[in-house]
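Here's a quick briefing to read with the structure open beside you. It goes through ring contacts, charges over rings, an annotated domain and a chain interface.

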Amino acid sequence: MKAFIFAAGAGERLEPITHTRPKVFVPILSKPLIKYHIEYLHKCGIKDITIVISPKHKEYFEKHLSNVSFVTQQEDLKGTGAALKSTKFDDEALIIYGDVFIPSEDIICKFLLQKDNAILGVKVENPKEYGVLVTNNEGNLTEIIEKPENPPSNLINGGIYKLSSDIFSYLDKTKVSERGELELTDALTLMAKERTIKVIQYEGFWYDIGRPWNIIDVNKWALDNLEFSKNLGNVEDNVKIKGKAIIEEDVEIKSGTYIEGPVYIGRKSEIGPNSYIRPYTVLTEKVKVGASVEIKESVIMEGSKVPHLSYVGDSVIAEDVNLGAGTLIANLRFDEKDVKVNIKGKRVSSGRKKLGAFIGGHVRTGINVTILPGIKIGAYARIYPGAVVNRDVGYGEFFKA
Amino acid sequence: MKAFIFAAGAGERLEPITHTRPKVFVPILSKPLIKYHIEYLHKCGIKDITIVISPKHKEYFEKHLSNVSFVTQQEDLKGTGAALKSTKFDDEALIIYGDVFIPSEDIICKFLLQKDNAILGVKVENPKEYGVLVTNNEGNLTEIIEKPENPPSNLINGGIYKLSSDIFSYLDKTKVSERGELELTDALTLMAKERTIKVIQYEGFWYDIGRPWNIIDVNKWALDNLEFSKNLGNVEDNVKIKGKAIIEEDVEIKSGTYIEGPVYIGRKSEIGPNSYIRPYTVLTEKVKVGASVEIKESVIMEGSKVPHLSYVGDSVIAEDVNLGAGTLIANLRFDEKDVKVNIKGKRVSSGRKKLGAFIGGHVRTGINVTILPGIKIGAYARIYPGAVVNRDVGYGEFFKA
Amino acid sequence: MKAFIFAAGAGERLEPITHTRPKVFVPILSKPLIKYHIEYLHKCGIKDITIVISPKHKEYFEKHLSNVSFVTQQEDLKGTGAALKSTKFDDEALIIYGDVFIPSEDIICKFLLQKDNAILGVKVENPKEYGVLVTNNEGNLTEIIEKPENPPSNLINGGIYKLSSDIFSYLDKTKVSERGELELTDALTLMAKERTIKVIQYEGFWYDIGRPWNIIDVNKWALDNLEFSKNLGNVEDNVKIKGKAIIEEDVEIKSGTYIEGPVYIGRKSEIGPNSYIRPYTVLTEKVKVGASVEIKESVIMEGSKVPHLSYVGDSVIAEDVNLGAGTLIANLRFDEKDVKVNIKGKRVSSGRKKLGAFIGGHVRTGINVTILPGIKIGAYARIYPGAVVNRDVGYGEFFKA
């Protein structure tokens, strides 16, 4: 069977991390999200994988993935329906939303055993924010209602489908939605009136990575579920490691470093001396954490450097960032209320009392920079030494005061 | 015999520490000053102890002390005479000024053996600042002169009396003084003309805790006089402890911490990793000193946190304070002159070349805050991230620049 | 034979280091440059050494050197010719430019064996910046051309001569040059027409210390050529020392310090705890590097202190400097271009991507000070706490913002 992964979304809500990478390349420990999908598909025996991408990400995808095909989604038509329209299959196909994380191949394999059309149903606590599934007595889908005020159930669309090629005819009858997108879920509601669409229920960990702090959360989940520790690095004497830690090959950890697991320290990273790596730190690869630096519950991506006298807590730092000596990130409001973040122009509560900053790829901060909680710094921005960053900084902006 | 401890003073000169606690609750190592008084009285066999307090501190005292009685001093009448007026006793009583520290019960027990009225005489180097005792040939009191320009001797009123109830009649004849207070010492001068008041001389450590830096001094004295070290805490490997140190129960000290005694680390405190605790540090209880933090000659009170990359020297920090990452306190002027402090509206030299800040209870500083020498920050104040605090900050004030 | 060392230059290009010391007192590891000259002369058997100095440095020289004579150069006549005019010798003499470093006595001894006049010829890659030697078929000097646009060879004047007293007569015929100096090289060109001046070629390490960053370079060379490690200090446990390190007498190194050689730690210096000393650090003597401080490729002179939470990279710090807690020195531009420095009013590229600051003697920085790359801070300057130093600071200036 063919499988299609929808990965054409612009990922605006995940900015600034998506300034320099497609949304599905958000890392979970060492690997980008999309590689988990591909790996699970392979494990279920599916080899013919096509990823639906945005034309602007073509080069990035081709550089970072191999043994998969790509189709580009038309730029003038948005939505999951548009994504499906860019695919082609005869008989039937498996479809996966690329920005959803389910940490196991089991559910995918289960779809392959279905004769009928099928959709993943996930029970969540906040169904209002998703497409809610309405089912008949037999448990089959009758309707999908997007973000209802009064959800009829807490069973929502989990973002995996097995569909016969009939879906294309329903899609042709589907109108563009109020928010201007062609919705696959609308086509499914039409299809459900005439065909059987089974709802395959799932109750394990399911995560929609929609906001930048979700990157912290999903990595936190992954660390909480580490089954073992591993130490392939070069660890000097007088390094303390407590709790679970994955330390990959060619990692150098200098004396006086204190590590409290669970943590993930990716290959070729350099730590210490005298640094403090606290629980839920993920350094994906080639990350440098230097002398007298403290990192806590943060994801720091490949090639980034926090070399001297910094505190980074509850933050996400994309690739090739350099924080000047003494750069500090605040992660707590004075009033200890939930930290707010600007998402697509709106001020949104993160639901977190402790939340630091989101720093895009290739950012450079000067020495002694102060960054307030919930701040986003766009890729390629420069922050002047000694500056207090008290508002979001745009892509490539030079922030002085 | 009944004992009365005078503890109704407003403690303005000890602000901001007294913003959230009565003056007599200044800590000496683990214990507030008043508990030393009570303990010494108990050791001398006195059980009937009454503390003269200000009505506004009633709740605080009742919460923090047990097995003692309280009387409140009238708010419209000030002074030690007014304090005495609020007491009642028949025969005779022992009276102690609550803000004076004498680290032993011996002198108190000695008063109990006196048949006559008695007053403590202490020899000091700067009698001008105190009530100076004038004595006759037999060494008995003839007069007390408050802060004389030309002191007749260096023997001053040490703040402990044994008095017969006759004192009340002399008090009735005493007029309110120029500074608007009813002075017990004026009544004693009257009494001395007609009755014997013995002067009991004392030459040991006697300390009047009148200015905020005295809190450092008195704790320094206590540490210098530690008779032993004690380590009841959980100390990890690679922790260096030099000199005398009291480490109480349930203290956690993480690797890489370097402690130079004498120091006192109160119960449930957390230290490290890689922090530097220098001589004359007192952490009363539940204090957190985090990674790459240096503390020197400072008193930090219960529940306060200095979690990341800070330097605190020659300072007093009251309870439940949180210093943001990288908050630094300067403790030396460029000209290396004595640091000055505002005391009740006047600029006063502390007599110390090295003096940091006085931070009231519940203060929060943002990250990367800079605090200049001799600064006072009122309780509940908030300091904006990156701010340079170059003037005193009021109670509850939000200081931005 | 008499030897003369020319050391009267004002050293403006080496400011602010020369604000408080003559140029020839730039340290190389533990010793000032001029002491190397004297030592090498002694090794070649020369005991009659006279140093030509500026009158304003008389006291400094007399205090710091013994067993040598001094003559002062007239203040109204500049240049190497003027320096020679202030000397007196009969027969012949050896002359050395004081600001040139050749780390061996061999070349000096070689000059003593010459019967003829002789001049040192050094092969360099950038002859344009020096006096270029023109020679005849026999390899003897015919002319010296100062800073030629099109150098006839890459053999330059290395700053060592053996000269007969005839030179004085040629000097009398020499005119003051366009830049207003009496040039010894002009006199030599005249002499070369009538007398033999041998060119003694040298191909080893030769270094003209003309710009402040050269102080880093020459010390770097010295460290790269350490032949052994030495540890005479008091090194506590849990101190890591990698690579070559010279640790002199009465040095104290506290636990948790991490040293990566090659480094030189001069006598009576104090390091740590938990500090990080990286390659090419030179602490000449009595230097204090405190807790959680990182030093890299920097020369720090006698009595200076970097006590708390600082980063100092690629910098030169003169004597008796105190950096306030958290003072940070940036050493990299955002654009990663070569750092520029103001030299005698001109903006000059240092040719270094990483270059920090040059801090004159007796400077005090407040806490939390930020210093940008390539900045010069004049001797006795004061930097206000929290200031961002983004321009050069003058001698004795108080810099606030």
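A charge sits over a ring if NZ of Lys or CZ of Arg is within 6 Å of the ring centre and within 35 degrees of the ring normal. B:Lys31 fits that description: its charged end is over the ring of B:Tyr36, 4.6 Å from the centre. Keep in mind that this is a predicted model.

**Charges over rings**

- Besides the chain B case, take a look at A:Lys400, whose charged end sits over the ring of A:Tyr384 at 4.3 Å from its centre.

**Aromatic pairs**

- Counting over all chains, you get 54 aromatic pairs.
- One of them is A:Phe6 with A:Tyr97, a stacked pair with 6.0 Å centre to centre and 20° between the planes.
- A:Phe6 belongs to strand β1 (residues 2-7) of chain A and A:Tyr97 to strand β6 (residues 92-97) of chain A, so this pair ties together parts 91 residues apart in sequence.
- A:Phe6 counts as buried because its relative accessibility, 8%, is under 20%.
- A:Tyr97 also counts as buried, at 14% relative accessibility.
- For an edge-to-face pair, go to A:Tyr258 and A:Tyr276: their ring centres are 5.6 Å apart and their planes are at 85°.
- Here the link is between strand β19 (residues 258-260) of chain A, home of A:Tyr258, and strand β22 (residues 276-277) of chain A, home of A:Tyr276, so parts 18 residues apart in sequence are tied together.
- A:Tyr258 is buried at 1% relative accessibility, and A:Tyr276 is buried at 5%.
- Ring pairs also build a cluster out of A:Tyr36, A:Tyr40, A:Phe101, A:Phe205, A:Tyr207 and A:Trp221.

**Annotated domain**

- An unreviewed UniProt entry lists residues 259-342 of chain A as "domain: Mannose-1-phosphate guanyltransferase C-terminal".
- In the model, that stretch of chain A is 0% helix and 44% strand, with its end C-alpha atoms 32 Å apart.

**Where chain A meets chain C**

- On the chain A side 25 residues are in contact with 28 residues of chain C.
- About 1,900 Å² is buried between chain A and chain C, and carbon and sulfur atoms give 58% of that.
- Which three residues supply more of chain A's buried area against chain C than any other three? They are A:Leu309, A:Ile367 and A:Asn368, which supply 26% of it.
- The interface of chain A and chain C has 5 salt bridges.
- C:Glu336 forms a salt bridge with A:Arg364, and their closest N and O atoms are 3.8 Å apart.

Technical notes. Residues numbered from 1 in each chain as written. Chains lettered and ligands numbered in written order. Predicted model: local features only at pLDDT ≥ 70, side-chain atom pairs only at ≥ 80, totals over all residues. Heavy atoms only, no water. Phe/Tyr/Trp six-rings, centres within 6.5 Å; stacked < 30°, edge-to-face > 60°. Helix = DSSP H or I, 4+ residues; strand = E, 2+ residues; numbered from the N terminus. Buried < 20%, exposed > 50% of the residue type's maximum accessible area, 1.4 Å probe, protein only. UniProt positions renumbered as here; feature names shortened; annotations may be inferred. Contact = heavy atoms within 4.5 Å. Buried area = accessible area lost by both parts, 1.4 Å probe. Salt bridge = Lys/Arg side-chain N within 4 Å of Asp/Glu carboxyl O.
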